[in-house]
Each structure stands twice: as C-alpha cells, then as structure tokens.
Amino acid sequence: MPAHYFYKHIVVVHGIGDQAPNETALGFMNEFIRSLPQGKQWELTVDNLIESVDSLMTPAVPGDPHVRSFQPANIVFSDTTDERTIVHVIGFSEVYWQPIARAQLQQNGGLLPVPIPTWARSISTRLLDPGYKMEQWRAAIENVETMLGLLRQLAFISKKTGVFVKVTTDFLGDVEMYAESDEIRQNINLKFFEVMARVGEFAASTRENIIARRELKDPLAKGFETFHDFEDLEIYVVAHSEGTVVAYNSLVQAEMVREGAGVHAGDQEFERASQAYSDAYAIAAARSGVKRQKFDWLPRVAGLVTLGSPLDKHYLIWRSRFRKNRLKNNPSRKIRWFNFYDFNDPVAYAIEELQKQEVPGVETDSQRMFDIRDGDLGFQRYPIPGKAHIEYWTDRAIHQRIIDSLMKLTNRVPEPLDTKWWAPFLPLFSWLAYVLGRTATIAAGLFFSNRLLRELPLDSLRSLPVFDRFHAMISAQPLGPESVLLNYAFWLAAPILLMKFFFEAEQGLVNNRNLPAGFRWLLMAAWFAVAFIICLFFRPGGSNGGIPNLMGYATGLFTTILVWRLHTTIHRGLIQLWRYTKVL
C-alpha cells in the first residue's frame, strides 16, 4: 500500500501576561492531540513535547560562539484507508515574545514608557470622531481611567488590591508597548520571523531523524519504510489575544518584504520589517548551528487561527500606527483565516474593521492576504467573561475545526461550534450580578455608617422632633410598625429605582422628554437623608470603643465608597466598552 508523507508545522503565539517558555505551545499541543480522531483507521505517535531546552532569555546573535542544541517537537499522525496511507508529521513551535516586554521594563527601572493612567487617557483623545457611538467609546474609556485611579487608592488599604493593580499594569503594559513603540513592536515581530525562519530547519532535521531511525530499525520509524522526503510542507499559525496582533502584523510585514523595496521605497515600516526579516535568518542559523539555504517560509503559510483577538480595535484605535493598506499587490496564494471569538470575551471581536476599505475599490491587507470566507466565527460558549478569554485553548470543537476544516488531516465532520443553551439567559444573570453587587455595597455602607454614628455622642440629635417624627414615619410605613426592616428597605429602594429611571431618561434610553432635568439629584439628596435617619436610629447606644473603633468604621466606610465608585466605573467602563465596541 503506497504511503504519502507530509510535514505540517504549527507555530503558537501566546498573548499578554506572564508566560513560561513552551507553556502555551505545550498546552495547545496536549489539547490538539486529545482532539485527534481515534480508531483502527488512525495511528498516533508522540515523538517529544518541547522544541528546545535552551535558555530563551539569552538570544542568539550572528557570530555567537554558543551553538544551541535543537530537538523539534512533533507528532506523527497516520490515516490509513483501503487505497493509501497518509502520514502527517506535525511539528510545534512557540513564539515566546514575553521576555522582550519584560526586558524593556527592567531597562526602564520597572516603569512603562508611559504611565498606564496617562496612556489610557490618550486612547480617548484618539477617538474624537463625531457620533453617538464614538461618544460612548470615549465615555467608557474615561471610566476605565477612573477605575485605574480608584484601584491605586484601594491599594493603600489592601495589599491584595495592590497585587491586582500590578497585574493590571503588566497586562495593559504589554499592549501599550506593542502598540506605541515601533522599536519594541519590531523586536517582537523579529521573534516571530525568527521562529518562522527555523521551520525549514525543523522540517530538515525531522527528515534526517526519520531516515536515521529507519536505518537503525528503530520501532518509532514504523510506517516510514518508503520515506525519502516530504511531499509538501505547510505552516499554520495559532495565536491568542495580543499574540493575534503580533501574528497578523508580522505576516503583513513579511508580505511587504516579499513585495520589495521597489514598491515600498521610503516606507519606514518596510525598512524596519526588511531589517528584522534579514536578522531573523542570521539568528536562526546561529541557533541551529547548521548553515542551510534560506527558507522562504511565507508561501508555506497555509492557515492563520486567531483566538480571542483584539485585532479589530487595534486597527481602529491606533489607525495611524496600524495601517490597513500596507500592501500593493495580491499574493498568488491566500492564507486561510479562522477567527474564533466568544461574545462574552471582553477582548475578542470579529474582524470587520480589517475588511472595511478606506479607499473604495482598494482592497485592505486582510482582503489581499487572507481567505476568511466563513472563518469569522462568533458564538457564546463560555459564561464568565474573564474565563471566556482563555477557554478557547481547551474547546474540543475549535481544535477539531483546526484539525479537520483547516489542516484537512481527516474527512471527519467536527463537533458543532454552536452557542450554548444558556446564552439567552446571560443578560438576566448579568443584571442580577449588577443588582446584587450594588445591594451588597449599599448594605456595607449602611453598616459602617450605623456603627460610626453609634460611636458618636448624638443622643441630642436623635431627640430633635424633626428627626424623631421622620424616623417614626419611615419605620412604620408602608407595611406597618411590625415590619421595621422591610419598611427601611422600601424607603431605600424606591428612590434608587426612580433615580435609575430618571438617569436613563436623561441618557435618551427612555422615550419621555417631558421629565424634569436633574430631578434625580433631588431624589439622591432625599435618599441620603433617609439613609442618615435610618443609620442614626437603628439600634443606638454604641460600644464606646473610642478612637480605634471610630478609625476602623471610618476606614470601612471610605473603602465602601471607593468600592462603589469602582463598581460604577467597571460597569460604565469595561462592561460598556465591551458591549459598545461589539457593534461599532
């Protein structure tokens, strides 16, 4: 039975955050293997799991005397039918770019080129286009700025909040450095070029390894009795989060280099890309220690997979830096592109912005280079927004689409990539979470206010007729004197609901223009008056704990106010930014 041998290489690009070498690639490789079909028709052999055990913190440079060892990570997947056997050798590599961003921080004394609050404020100034949607964009981003400031204030009270501030800064810092700095961005793209330049070496080393094993009659060489060379070599790029921006931007730069200086004379983006492209081959040769002919990898790229990608908003916010019309010609072969995004993922978007033509009739880079067809795949499969951003890696249906629809390893029909049954109920759950969060914060504020007032000598204030009568009314109405706590809840909840109604009316969300402007501020003043009376009269007496108790309750009340404002800014900032930008 004749056998046909193919080499396919998957390059994994990680996203933002702290990453360990090989962590992302190995995690993807494990899930990829688990998603392959099983049965008599198919056979799987896992050769090894990691590409290299070299130190990745010290990059190789041309002339570096230290020749690094190389061991390609790969698996062998065979599909046997009555007519023939198809053997796929699949290699795996990782574009590990995180040390570049961390090295920049170390060189700058742990500081970002631009402080995060200042940088966040600059984003809204990039969105000064007129229109309601852009206004909502700016309002949401300004709330994100406020949120970052509040987190810093809370960090003075809670060390755990300080850790959260650091993590937030680290994550946003990666985005800032890649988006704002040409030098840092090109160094990261250089890492991408370097890994891609080595794929030819990966394939050649794998070929030599197979032949050597066969000559030694190694059992792992089973199925390669007639092997001499691979009939074809294909590369697939799988990227996540900010790594999708790295992958896409690098691929477009590589195509610019192929088009040449004659087309891009004087273009600084081309000059940076061309230098990095050339350096990548020198670094790859130094790493492998083997001098081979340069491997033209770009025509071998058959597929791009983006998971939870913020690409669309990079090319909207940084329009002067991430251009959609770098390329001048159409490549002879388009790269198939699958973009997976969950509607609950606050980072992920469709790729509509990249498809919008700035000049009518002139294709964008994504239209020239990529075949998207039905590859822009949105769904609701992961219920928790933060968790949704990383759930793509373990979704069996996504891996099967990569295996069967993109790489064509089998003729199997992949699992449906459908929206889950609970998706229609998510707005209700979101609303409940919002209400519960607000209720808990109000309860905490009332608790600390009551305890604070109990510590103060306010008996003379409680004896004033106006306060006493007002408290008697709200404690007995509308449900009777035996339901004091329920009466309190009514007088606290009713003004809040009315304030919400008037707020939405002022925002144009309620179709009633006859409502008096600013009436919600009067309701807010009345609410605070009611809350003060309730806290003043609820179980008076106090513990007489002195200054320590006063300081403790005052700190608790201050923290509750900050948490309330933080909850507001998260809702109006991150949540609304996520929702508004889905439809821009």
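Q: Are F192 and F193 buried or exposed?
A: F192 is buried, and F193 is buried as well, where buried means under 20% relative accessible area, exposed means over 50%, and partly exposed lies in between (1.4 Å probe, protein chains only). Please keep in mind that this is a predicted model, in which local features need pLDDT of at least 70 and side-chain atom pairs count only at pLDDT 80 or more, while totals for chains, interfaces and linings use all residues. Residues are numbered from 1 along each chain as its sequence is written, and side-chain values use heavy atoms, with hydrogens and water left out.

Q: OK, and how many aromatic pairs does the structure hold?
A: The structure holds 33 aromatic pairs, counting rings of Phe, Tyr and Trp (its six-membered ring) whose centres lie within 6.5 Å; planes under 30 degrees apart count as stacked, over 60 as edge-to-face and the rest as tilted. The ring centres of F192 and F193 are 6.5 Å apart and their planes stand at 70°, so this pair is edge-to-face. Another edge-to-face pair is formed by F379 and Y382, with 6.0 Å from centre to centre and 85° between the planes.

Q: How buried are F379 and Y382?
A: F379 has a relative accessible area of 0%, so F379 is buried, and Y382, with a relative accessible area of 6%, is buried too.

Q: Which residues form one aromatic cluster?
A: One aromatic cluster is formed by Y178, Y248, Y315, W318, F322, W337 and F370. A charged residue is found at one of these rings, since R185 lies over the face of F322, at 5.3 Å from the ring centre; a charge sits over a ring if NZ of Lys or CZ of Arg is within 6 Å of the ring centre and within 35 degrees of the ring normal. In another such arrangement, R438 lies over the face of W564, at 3.8 Å from the ring centre.

Q: Does R185 pair up with anything charged, I mean, which residue forms a salt bridge with R185?
A: D182 forms a salt bridge with R185, and their closest N and O atoms are 2.5 Å apart; the term stands for a side-chain nitrogen of Lys or Arg within 4 Å of a carboxyl oxygen of Asp or Glu. In general, side chains of opposite charge can pair when their charged atoms come close. D182 and R185 both lie in helix 6, 3 residues apart, which is about one turn of the helix. D182 counts as partly exposed at 28% relative accessibility, whereas R185 counts as buried at 3%.

Q: How many salt bridges are there, and which residues join into one network?
A: The structure holds 22 salt bridges. One of them joins R333 to E234, with the closest N and O atoms 3.7 Å apart. R333 lies in the loop between helix 9 (311-317) and strand 7 (335-342), and E234 in strand 5 (residues 232-240), so this pair ties together parts that are 99 residues apart in sequence. R333 is partly exposed, with a relative accessible area of 40%, while E234 is buried, with 14%. As for the network, salt bridges that share partners join D182, R185, E269, R272, R321 and R326.

Q: Back to helix 6: what span should its 34 residues have?
A: At 1.5 Å a residue, the 34 residues of helix 6 (residues 182-215) should span 50 Å, and the end C-alpha atoms are 50 Å apart, which agrees; the expected span is 1.5 Å times one less than the number of residues. Helix 6 also has a kink of about 30°, centred on V199, where the bend at a residue is the angle between axes fitted to the seven residues ending there and the seven starting there. Helix 6 is mostly covered, with 25 of its 34 residues buried.

Q: How many helices and strands are in the protein overall?
A: There are 19 helices and 9 strands, which are DSSP runs (H or I, at least four residues, for helices; E, at least two, for strands) numbered from the N terminus. Of the 584 residues of the protein, 50% count as buried.

Q: Last one: where is G15 found, and what does G15 touch?
A: G15 is found in the loop between strand 1 (3-13) and helix 1 (23-35), and G15 counts as buried at 5% relative accessibility. Not counting residues up to four places away in sequence, G15 touches W97, H240, S241, E242 and G243, where contact means heavy atoms within 4.5 Å.
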